[in-house]
Amino acid sequence: MKRNIIHISDVHFGDPTHSDELVYNLTSQIEEENPDMVIFAGDLTYGGFISEYNNAKNFIEELKSITETHVVPGNHDARNVGLEHFKNLIGDTHFVKIDKKCKLAIIGLDSSRPDIDDGNIGSFQLEWLKAELDKIPKNFGKMVIFHHHLIPIPQSGRERNILLDSGDIIQLLIDEGVNIVLGGHKHVPNVVTLEGIAVINSGTATTRRLRGTGHPCYSQLILNDVDMEANLIFTESGIKKNVANYSFVETDSGVKIHSYNHEAAFRIKPVI
Ligand SMILES: [Fe+2]
Ligand SMILES: [Fe+2]
């Protein structure tokens, strides 16, 4: 069963570098792509304020009119008690979606903490995640989404704000046989494979809060039975670049990555 998943992050309504033109490009490109699902990995807003959330809500409603859309919060969304607006206007800060036809489980987590940029999953969510993963049939792929980066990202400056409990979550993801992790936060796209987990970070889709020679961009995953293709799409031009390919295999202990090839961010050349 084929699935076309668009993975965006760091749209940042309210940020001085946020661009309505890029939002228009993004929604037009998604409409044209007609994906099965959009995953928005956090930082909807800049300061967590109601006006920013209202704009984010309109944007997400537009996405939902195109396709199924799931959202988790980022650190900016938790500023100024912003998660109250998230819960009122956007929905739950964590979710479970089971795609029976595609044999894929998708779990979203809240890695934000009020008024700090550091990420943290926390013991409560770790236990909840383990309980949810334990329920998933062995022949299902497992995808987990949270905003902060799990491991350092090349070409993103001094390391900071990595998940405070990244060691604990990495261990849990490995032990539970998670296949794919999606995030954002650093505004720099990256793909890396860690102990059989495809860790994919989206760049910022709609701001010019960029590092070095980066460009606004987002990710696309094409799942097709036992294969997955990861593409980078540049929001300014719509140009698409394949950055990773994976093949999966079903084993007695669950679905695993069989082989892969990919480029890390420092080899992902900007395309405009
Ligand atoms: Fe951000
Ligand atoms: Fe962030």
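These legends describe close-up views of a predicted model.

**View 1. The annotated domain, residues 4–189.** The UniProt annotation "domain: Calcineurin-like phosphoesterase" covers residues 4–189. It comes from an unreviewed entry. Over residues 4–189, the chain is 34% helix and 17% strand. The C-alpha atoms at the two ends of residues 4–189 are 19 Å apart.

**View 2. The sheet of 7 strands.** This open sheet has the order S3-S2-S1-S10-S11-S12-S13. Its pairing is mixed. Strand S3 (68–71) and strand S13 (254–262) are the edge strands. Each of these two pairs on one side only. From one strand to the next, the twist averages 20°.

**View 3. Strands S10 and S11, with helix H1 on the sheet.** Strand S10 covers residues 217–224, and strand S11 covers residues 227–234. The two run antiparallel and are joined by 8 bridges. One bridge pairs Leu-221 with Ala-230 of S11. Helix H1 (residues 20–33) packs on the sheet. H1 touches strand S1 (2–8), strand S2 (37–40) and S11. The direction of H1 makes about 175° with that of S1.

**View 4. The sheet of 6 strands.** The order in this open sheet is S4-S5-S6-S7-S9-S8. Here, too, the pairing is mixed. Strand S4 (95–99) stands at one edge and strand S8 (190–194) at the other. Each has a single partner strand, so one side of each is left without a neighbour in the sheet. The twist averages 15° from one strand to the next.

**View 5. Strand S9 between S7 and S8.** In the strand order, S9 stands between S7 and S8. Strand S7 (residues 180–183) pairs with strand S9 (residues 197–201) in the parallel sense, over 4 bridges. S8 pairs with S9 in the antiparallel sense, over 5 bridges. Ala-198 of S9 is the bridge partner of Ile-180. Ala-198 is also the bridge partner of Thr-193. The hairpin of S8 and S9 has 2 residues between the strands. In this hairpin, Glu-195 takes a positive phi near 50°.

**View 6. Gly-184 and its surroundings.** Gly-184 lies in the loop between S7 and S8. Is this residue buried or exposed? Gly-184 counts as buried, because it has 31 C-beta neighbours inside 10 Å, and 20 or more are enough for that label. Leaving aside neighbours within four places in sequence, Gly-184 is in contact with Ser-9, Asp-10, Ala-41, Gly-42 and Asp-43, and with Gly-74 and His-147. Asn-201 and Ser-202 are in contact with Gly-184 as well. Gly-184 and Ile-200 are 16 residues apart in sequence. Their C-alpha atoms are 8.2 Å apart in space.

**View 7. Helices H4 and H5 packed together.** Two packed helices are described by the angle between their axes and the distance between the axes. Helix H4 (residues 122–135) and helix H5 (residues 166–175) pack at an angle of about 5°. Their axes are 11 Å apart. That angle makes H4 roughly parallel to H5, because angles under 35 degrees count as roughly parallel. On H4, the contact is made by Leu-126, Leu-129 and Lys-130. On H5, it is made by Asp-168, Ile-169 and Leu-172. The residues of this contact divide into 4 nonpolar, no polar and 2 charged.

Conventions:
Residues numbered from 1 in each chain as written. Chains lettered and ligands numbered in written order. Predicted model: local features only at pLDDT ≥ 70, side-chain atom pairs only at ≥ 80, totals over all residues. UniProt positions renumbered as here; feature names shortened; annotations may be inferred. Axes fitted to C-alpha atoms, helices over the stretch in contact; angles between N-to-C directions. Parallel < 35°, antiparallel > 145°, perpendicular 65-115°, else oblique. Contact = placed C-beta atoms within 7 Å. Nonpolar A, V, L, I, M, F, W, Y, C, P; charged D, E, K, R; others polar. Pairing = 2+ DSSP bridges. Buried ≥ 20, exposed ≤ 12 C-beta atoms within 10 Å, placed from the backbone.
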